[in-house]
Amino acid sequence: MKTITITNVECILTAPDGMRLIVVKVTTSEPGLVGYGCATFTQRAYAVKTAIEVYLKPFAIGRDVDRIEDLYQAAYLSSYWRQGPVLNNALSGLEQALWDIKGKRAGMPVYQLAGGKVREAAPVYVHASGDSPEQVAENAQKFIDQGFRYIRVQMAVAGYSTYGSSSVVGLSAASRSISIDPGQKRTWEPTPYVSRTPALFEYLRKTLGEEIELLHDVHERIPAVQALWLANALEEYRLFFLEDIFAPEDIEYLRMVRAQCATPIALGELFSNQSEYVPLVKDRLIDFIRCHVSTIGGFSVARKLAAFAEFFGVRTAWHGPGDVSWFGHAANLHLDLVAPNFGIQEFSLWMHSDKVREVFPVVPEIRDGALWPTEKPGWGVEIDEAAAKRFPLDAADGDLNGSWPEVRRWDGTVVRP
Ligand code: GCO
Ligand code: MG
């Protein structure tokens, strides 16, 4: 059979609605056969672009499109130092584009190449927030009425720059993820948040009932011992999972949580190196692995991680916020469709906004609280490259340039975002 080779590797940067996305396009020696993958690291987009254009492109041109794993392994080792977020995202864009190409050549969706469906679609969780327990409950109920069964709930702490409680469209992922009033100093204190959160869940269980699946993201914002206390305090409210109670630097504390309470734990979006996530799965220190698939290196690595986690009873909950391109959301979905140990899929409804759909005209749809594949070959997603150019990165979120806005304690200490 004729060998088809890579003839070009391009990086597409686009920021519809201010969300800075990175897509890799691979062109081949077969006329018309191209593939796309996600390499989105929203805070360091130009570093990923450089890694792709200066290093991966010359490395990949001329190589056989069929040899995805061999190309990945060779490229991965070629930088010597490896498994950081920038190079992993670049690798992801390339390898996901090759999976897209393989699916198109086979005339099948990628999930078929990974063993076929074990479920029809991927149930998703969506983000509800508010300034009070009443407002959070009201916004959660709106999603429940639309058929969603899993709701992440976040509440603003008055006067503080709280993670996840503002969805001001037009700001970047980072800015959008925290409540920041124009001109307001971004201040954060852990204790007001920790002291208010149990009452939020007491109210939500009273108003929404015992069966709706509630999720919550601590976002590594509090000292480890307060996270330990919070995990215990929330146990009676039976969350579906409590996310990022510790920063990657503090994951050894997980052993204490496991010894003290049965609150389900989700961690992983900040991991890039396998030495961060392998021990957590091996020792069953988490219930859900939450990696950002392009940050761990792409579809093939995530497929290996999902299979590894299956043997330890750890379920998948891939990171699926607004700062993942539609090729990344498609990779999440295809992983979800083939994994017996699927847990839940995060999804940002912003991905179906008019501007995003202008850039990505063909995408999976949300129906009955789940994400459904398009059943087209490859990822089943299409990009309009001319439209992508209409949303340049540099028009997004001003001088932040994708960085997370600085947040500080009242004494001036900078805190984790
Ligand atoms: C989540 C994440 C995001 C991140 C964002 C960083 O659970 O979806 O915490 O909100 O903060 O993707 O850019
Ligand atoms: Mg999170």
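Buried means under 20% relative accessible area, exposed means over 50%, and partly exposed lies in between. The model used in these exercises is predicted.

**Exercise 1. Helix α8**

Task: Find which residues of α8 are buried, and what covers them.

Solution:
- Step 1. Locate the helix. Helix α8 spans residues 224-233.
- Step 2. Apply the cut-off. Ala224, Gln226, Ala227, Leu228, Leu230, Ala231 and Ala233 are buried in α8.
- Step 3. Draw the conclusion. Seven of the ten residues of α8 are buried, so the helix is largely enclosed by the rest of the structure.
- Step 4. Look for the cover. The buried residues of α8 are covered by elements including α7 (190-208), β7 (241-243) and α9 (254-260).

**Exercise 2. The whole chain**

Task: Describe the make-up of the protein chain, and decide how compact it is for its 417 residues.

Solution:
- Step 1. List the elements. The protein chain has 14 helices and 13 strands.
- Step 2. Compare the radius of gyration with the globule rule. The radius is 21 Å and the rule gives 22 Å for 417 residues, so the chain is as compact as a globular protein of that length.
- Step 3. Box it in. Along the principal axes, the C-alpha atoms fill a box of roughly 65 × 45 × 45 Å.
- Step 4. Check burial. Of the 417 residues, 59% count as buried.
- Step 5. Check the contacts. Among contacts with a separation of 6 or more, 71% join residues 24 or more positions apart.
- Step 6. Turn to the surface. The protein chain exposes about 16,300 Å², and carbon and sulfur atoms supply 53% of that area.

**Exercise 3. The second largest pocket**

Task: Work out what lines the second largest pocket.

Solution:
- Step 1. Take the volume. The second largest pocket holds about 220 Å³ of space.
- Step 2. Go to the centre. The lining has 13 residues, and the closest to the pocket centre are Gln83, Gln274, Tyr277, Val301 and Lys304.
- Step 3. Assign elements. Two or more lining residues come from each of α2 (68-78), α10 (274-282) and α11 (299-310).
- Step 4. Name the main contributor. Helix α11 gives the largest share of the lining, four residues.
- Step 5. Sort by character. The lining has eight nonpolar residues, four polar and one charged.

**Exercise 4. Two positive phi angles**

Task: For Arg284 and Asp368, give the phi angle and the location, then classify each as buried, partly exposed or exposed.

Solution:
- Step 1. Start with Arg284. Its phi is near 50°, a positive value in a residue other than glycine. Arg284 sits in the loop between α10 and β9 (288-289).
- Step 2. Classify Arg284. Its relative accessible area is 45%, so Arg284 is partly exposed.
- Step 3. Move to Asp368. This residue is not a glycine either, yet its phi is positive, about 55°. Asp368 belongs to the loop between β12 (365-367) and β13 (370-372).
- Step 4. Classify Asp368. At 49% relative accessibility, Asp368 is partly exposed.

**Exercise 5. Phe288 and Ser132**

Task: Place Phe288 and Ser132 in the fold, and state how accessible each one is.

Solution:
- Step 1. Place Phe288. This residue lies in strand β9.
- Step 2. Read its accessibility. With a relative accessible area of 0%, Phe288 is buried.
- Step 3. Find its neighbours. Leaving out residues up to four places away in sequence, Phe288 touches several residues, including Phe240, Phe241, Pro264, Leu267, Val314 and Gly343.
- Step 4. Place Ser132. This residue is in the loop between β4 (122-130) and α5 (133-145).
- Step 5. Read its accessibility. Ser132 has a relative accessible area of 22%, so it is partly exposed.
- Step 6. Take a distance. Ser132 and Leu200 are 68 residues apart along the chain, and their C-alpha atoms are separated by 8.0 Å.

Methods
Residues numbered from 1 in each chain as written. Chains lettered and ligands numbered in written order. Predicted model: local features only at pLDDT ≥ 70, side-chain atom pairs only at ≥ 80, totals over all residues. Heavy atoms only, no water. 1 Å grid on protein atoms, 1.4 Å probe; cavity = no way out; pocket = protein on both sides within 12 Å on 5 of 7 lines; lining within 4 Å. Points joined across faces, edges and corners; volume = space filled by probe spheres on them. Nonpolar A, V, L, I, M, F, W, Y, C, P; charged D, E, K, R; others polar. Rg over C-alpha atoms; globule rule 2.2 N^0.38 Å. Buried < 20%, exposed > 50% of the residue type's maximum accessible area, 1.4 Å probe, protein only. Contact = heavy atoms within 4.5 Å. Areas by Shrake-Rupley, 256 points an atom, 1.4 Å probe, with all protein chains shown as cover.
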